[in-house]
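Open the model in your viewer and keep the sequence panel beside it. The tour goes from one selection to the next and says what is there each time.

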Amino acid sequence: MQNAYDQIMEFLKQKNMNELKSFLNDSNEVDILDAIQSLSAKNQCIAYRLLSKDKALYVFEQLDTDDQQNLLRSFTDEQAIELVNELAPDDRVKLFDEMPAAVAKKMLAMISPKEREMTNLLMGYEPRTAGRIMTPEYVRLFKGMTADKALEKVKSNAEEKETIYTLYITDDKRKLEGVLSLRDLLIAKPDVTIESIMEETTAVVTTDTDQEEVARLLQKLDWLAVPVVDKENRIVGIVTIDDAVDILEDETTEDLFIQAGIVASDEANRSETLISGSLWAIWKVRLPFLVITILAGMFAAVVMRGFEDVLAATVAVAFFMPLVMDMGGNVGAQSSTIFVRGVALGQIQMAQFWKHFFKEFSVGASIGIASGIVSGLFAYTMSSLFWEGVPMLGVAVGLSVAATITLAAVLGFLIPYILMKLNVDQAAGSAPIITSIKDISGLLIYFGFVALFLGGGA
């Protein structure tokens, strides 16, 4: 059976728009979304125009902002305004933030007064804060309401609110007093008051709370939404779990890009530059931090030149250099990734850095000792079978592996920490700096132990 993408492409090649329209509107929304995301910009526009209104709005809200803007450019002004007017306020602000300021301002002026007021409210908060990403569309109840009256209000508001699964109880000045799940409301007796079945709010965020902190809180509490309050504890909106997932996904993607040494100004520009930019533009994005590794490799060659006598005297020494270097490199990469991810997810607090540092040191040392024993035995066996007169090579290799791994684990935590303290982009700079220091120090450690146990010298 053909998947949705193949089926859409077949209808497009046949120019059979009637069958395509029927297929799109009869298919599952998720399948259609996946298929449309894979289409070219031109074909996206064709397919999107054939969707029913409800399905079109769902698909549009799930697309990334680049695809959304491509679609809007293909619409008439009236069609574009109608679509933007239907978006949830937080989704609309997210789209406007990515648009040229003049275009966003024009669209803002043309949407309905009610939607414009909600959009202006969100756009008045600082970027990347809870106020900027919240939705003001939530259900508000009062303590004195009975369960049946509250349920009537929920039903009458359900269609226009983003979520009704968590209900918020306030006083007449919107000061937050408690929360209530829709489930508890449904099973409550009709004549009980909301005050008797609500729960006190255990966690809130303020409008200026960083969006990553909000996302981590939702992830930690496993809630569907978290209330956003102002300085007077008045509820002004909620941040829903779908927004939190998007935030964490964006931040994780950004960290991975940056850690690879890709340091353009933002994610959209970075991706566009790497895919369709000029050769020189791509070089400027990818090359800077890699130069550090090149310089370190040159210095490593100088270090090896200093131990030329050792290499000349015992050829077997060269065979175990990759083992020492690769083990250190892998552990350094592991430690750095653990640190960056831990900080990004809030599992590593900078105030407790040294606690995490010494934990990683003990882990690195234990792995180093275990790996050193195995590597040393392997080197001893190899030297006994193929070379004569170098039984101590196994000791040198084992100690070198143990020391290099321990050092690499330490560097994996320490270098990103130092860069963060210096306000330097730690994700972009950590990997090449760690690799450079580890390679040079690994060579010095290895040749030092070889010179100590096998004789010879620099």
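Start by selecting V229 and I235: V229 stands opposite I235, which belongs to strand β6. This is a predicted model, and every stop below is a feature of that prediction.

**Stop 1: the β5 and β6 hairpin**

Extend the selection to residues 225-229, which form strand β5; this strand and β6 pair in the antiparallel sense over five bridges. In general, strands of a sheet pair through backbone hydrogen bonds, either parallel or antiparallel. Now colour residues 235-240, which make up β6, by accessibility. How many of the residues of β6 are buried? Six of its six residues are buried, so the strand is mostly covered.

Next, look at the link in this hairpin. Five residues lie between the strands of β5 and β6, and N233 takes a positive phi near 65°. Most residues other than glycine have a negative phi.

**Stop 2: two more residues with positive phi**

Select R128. Its phi is near 65°, a positive value in a residue other than glycine. R128 sits in the loop between α10 and α11, and at 40% relative accessibility it counts as partly exposed.

Then select R174, where phi is near 70°, again positive in a residue other than glycine. R174 lies in the loop between β2 (166-170) and β3 (176-181). Is R174 buried or partly exposed? With a relative accessible area of 29%, R174 is partly exposed.

**Stop 3: the sheet of three strands**

From R174, show β2 and β3 together with β1. These make an open sheet of three strands in the order β1-β2-β3, with mixed pairing. β1 (140-141) and β3 stand at the edges with a single partner strand each, so one side of each has no neighbour in the sheet. β2 and β3 pair in the antiparallel sense over five bridges. To see a pair of facing residues, select I169 and G178: I169 stands opposite G178 in β3.

**Stop 4: helix α10**

Select residues 113-123, which form helix α10. Which residues of α10 are buried? They include E115, M118, T119 and L122. Those four cover an arc of only 100° around the axis, so they are on the same side of α10. Turn to the other side of α10, and P113 and E117 are exposed.

Now show what covers the buried residues of α10. The cover includes α7 (77-86), α8 (89-98), α9 (101-110) and α11 (130-133).

**Stop 5: helix α7**

One of those covering helices, α7, is the next selection. The buried residues of α7 are A80, I81, L83 and V84. Look down the axis of α7: its buried residues fall within an arc of 165°, so they line one face of the helix. The cover over them includes α4 (41-49), α5 (53-62), α6, α8 and α9.

**Stop 6: Q69 in helix α6**

Go on to α6, which runs over residues 65-73, and pick Q69 within it. Q69 has a relative accessible area of 10% and is buried, because buried means under 20%. What does Q69 touch, leaving out residues up to four places away in sequence? Q69 touches L95, E98, M99 and P100.

**Stop 7: a nonpolar patch**

Switch on the surface and select W354, F358 and F361, which make a nonpolar surface patch of about 340 Å². W354 is in helix α23, residues 353-386, and is partly exposed, with a relative accessible area of 44%.

F361 is found in helix α23 as well. F361 is partly exposed, at a relative accessible area of 38%. Not counting residues up to four places away in sequence, F361 touches T406 and V410. Add L407 and draw a distance: F361 and L407 are 46 residues apart in sequence and 8.3 Å apart in space, C-alpha to C-alpha.

**Last stop: the whole protein**

Clear the selection and show everything. The protein has 25 helices and six strands. Of its 458 residues, 44% count as buried. The accessible surface comes to about 24300 Å², and 57% of that belongs to carbon and sulfur atoms. Among contacts between residues at least 6 apart in sequence, 64% join residues at least 24 apart.

Technical notes: Residues numbered from 1 in each chain as written. Predicted model: local features only at pLDDT ≥ 70, side-chain atom pairs only at ≥ 80, totals over all residues. Heavy atoms only, no water. Buried < 20%, exposed > 50% of the residue type's maximum accessible area, 1.4 Å probe, protein only. Pairing = 2+ DSSP bridges. Patch = residues over 30% accessible without salt bridge, like charges linked within 9 Å, V, L, I, M, F, W, Y side chains within 5 Å. Areas by Shrake-Rupley, 256 points an atom, 1.4 Å probe, with all protein chains shown as cover. Salt bridge = Lys/Arg side-chain N within 4 Å of Asp/Glu carboxyl O. Contact = heavy atoms within 4.5 Å. Arc of directions from axis to C-beta.
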